[in-house]
Amino acid sequence: MAHYKQGPDPKREQFRRYLEKAGVVDSLTSVLVSLYEQQEKPNNALEFVKQQLGAVGQTSEDAEALQQEVINLRQKCARLAGENKELKAKLQRYESVPDDGGTAN
């Protein structure tokens, strides 16, 4: 009986190309290399991979949106701090007015 070597499964090959084109293979390779290069291996390798993939999965659009949100929140915080300072100053002026409890003549 002769054994014939079968070529690669077309569905498998198509799926492999799909993963390569989508960047999945590169991302997984990068994460696994990062794990390999760790001096002290993490106790939970799967959790390490998940965390690394989460970081890899963030696009520059995500980062830009987050940076813009930080800028907006800082501006809002500064505006509110200024408003708070003004309101405290007004409150202090009203509290410093002597209240003699008398009536006007």
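1. Val 24 lies in helix α2, which covers residues 24-37. The model is a predicted one, and the remarks below should be read on that basis. The relative accessibility of Val 24 is 33%, so this residue is classed as partly exposed, given that the partly exposed class sits between the buried limit of under 20% and the exposed limit of over 50%.

2. Val 24 also takes part in a nonpolar patch on the surface, together with Leu 28 and Leu 53. The area of this patch is about 200 Å². Residue 28 falls within the span of helix α2, residues 24-37, while residue 53 falls within that of helix α3, residues 45-57.

3. Ala 45 belongs to helix α3, the run of residues 45-57. Its relative accessibility is 35%, and Ala 45 therefore counts as partly exposed.

4. How far apart in space are Ala 45 and Leu 35? The C-alpha to C-alpha distance is 7.8 Å, with a separation of 10 residues in sequence. Position 35 is inside the range of helix α2, residues 24-37, and Ala 45 is in helix α3.

5. On the chain as a whole, the secondary structure consists of 4 helices and 0 strands. Read from the N terminus, the order of elements is α-α-α-α.

6. The chain has 105 residues, and 5% of them are buried. Its accessible surface amounts to about 10,300 Å². Carbon and sulfur atoms account for 54% of that surface.

Definitions and conventions: Residues numbered from 1 in each chain as written. Predicted model: local features only at pLDDT ≥ 70, side-chain atom pairs only at ≥ 80, totals over all residues. Heavy atoms only, no water. Patch = residues over 30% accessible without salt bridge, like charges linked within 9 Å, V, L, I, M, F, W, Y side chains within 5 Å. Areas by Shrake-Rupley, 256 points an atom, 1.4 Å probe, with all protein chains shown as cover. Salt bridge = Lys/Arg side-chain N within 4 Å of Asp/Glu carboxyl O. Helix = DSSP H or I, 4+ residues; strand = E, 2+ residues; numbered from the N terminus. Buried < 20%, exposed > 50% of the residue type's maximum accessible area, 1.4 Å probe, protein only.
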